[in-house]
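Here is a short walk through a protein model, written for someone who would rather be at the bench. Have a look at the structure first, and then we can go through the parts together.

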Amino acid sequence: MENKPNKPNFTFSLNDVESEKLRQFIEIHKQHARHTAFGELVKVSFVPSTMGTHAEVQCLTCGETVGLTDLSEWDI
Ligand SMILES: [Zn+2]
């Protein structure tokens with residue numbers, strides 16, 4: 001796909017605290033995971049809001065969803 005100059009690009013990232021939460025979630029859920037054809041274990045979602053971007057992770061086997069967002073970086 002062509003990258004149009006006036007279209008904003010979005011980059012989503014996790015800081016150290018959020019990455020550690022994700023790592024722990026994967027560690028717990030990989031014990032009961034049914035791997036899909038491509039080996040997906042969890043799904044990480046980034047949800048932009050008026051307050052900031054909220055990150056969450058969902059286990060593709062049991063469906064548990066946990067928020068990853070490190071609120072210490074939010075201006076609230
Ligand atoms: Zn699970």
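Let's begin with strand 1, residues 42-48: the number of its seven residues that are buried is zero, so the strand lies largely in the open. Please keep in mind that this is a predicted model.

**The overall layout**

Stepping back, the protein has one helix and three strands. Read from the N terminus, its elements follow the pattern α-β-β-β. Of the 76 residues in the protein, 7% are buried. For contacts between residues at least 6 apart in sequence, 40% link residues that are at least 24 apart.

**The sheet**

How are the three strands ordered in the sheet? They form an open sheet in the order 1-2-3, and the pairing is antiparallel. Strand 1 and strand 3 are at the edges with a single partner strand each, so each has one side without a neighbour in the sheet. On average, neighbouring strands of this sheet are turned by 25° against each other, with direction ignored.

As a general reminder, strands of a sheet pair through backbone hydrogen bonds, either parallel or antiparallel. Here, strand 1 and strand 2 (residues 53-59) run antiparallel and are joined by seven bridges. Strand 2 also runs antiparallel to strand 3 (residues 65-67), and three bridges join these two.

Some of the residue partners across the sheet are set out here:

| Residue | Partner | Strand of the partner |
|---|---|---|
| Lys-43 | Gln-58 | strand 2 |
| Ser-45 | Glu-56 | strand 2 |
| Val-57 | Val-66 | strand 3 |

**The two hairpins**

Which residue takes a positive phi in the hairpin of strand 1 and strand 2? It is Gly-52, with a phi near 155°, and this hairpin has four residues between the strands. The hairpin of strand 2 and strand 3 has five residues between the strands, and there Gly-63 takes a positive phi near 85°.

**A loop residue: Glu-40**

Glu-40 sits in the loop between helix 1 (16-29) and strand 1. Is Glu-40 buried or exposed? It has 11 other C-beta atoms within 10 Å, and a residue with 12 or fewer counts as exposed, so Glu-40 is exposed. Glu-40 also has a link in space to a residue further along the chain: Leu-60 is 20 residues away in sequence, yet the two are 7.5 Å apart, C-alpha to C-alpha.

**How confident is the predictor?**

The protein has a mean pLDDT of 86, and 83% of its residues reach 70 or more. Confidence is highest in strand 3, with a mean of 97, and lowest in strand 1, with a mean of 93.

Terms used: Residues are numbered from 1 along each chain as its sequence is written. This is a predicted model: local features need pLDDT of at least 70, side-chain atom pairs count only at pLDDT 80 or more; totals for chains, interfaces and linings use all residues. A residue is buried if 20 or more other C-beta atoms lie within 10 Å of its own, exposed if 12 or fewer, and partly exposed in between; C-beta atoms are placed from the backbone. Two strands pair if DSSP finds at least two bridges between them. Two residues are in contact if their C-beta atoms, placed from the backbone, lie within 7 Å. Axes are lines fitted to C-alpha atoms, for helices over the stretch in contact, and angles run from 0 to 180 degrees between N-to-C directions. pLDDT is the predictor's confidence in each residue, from 0 to 100.
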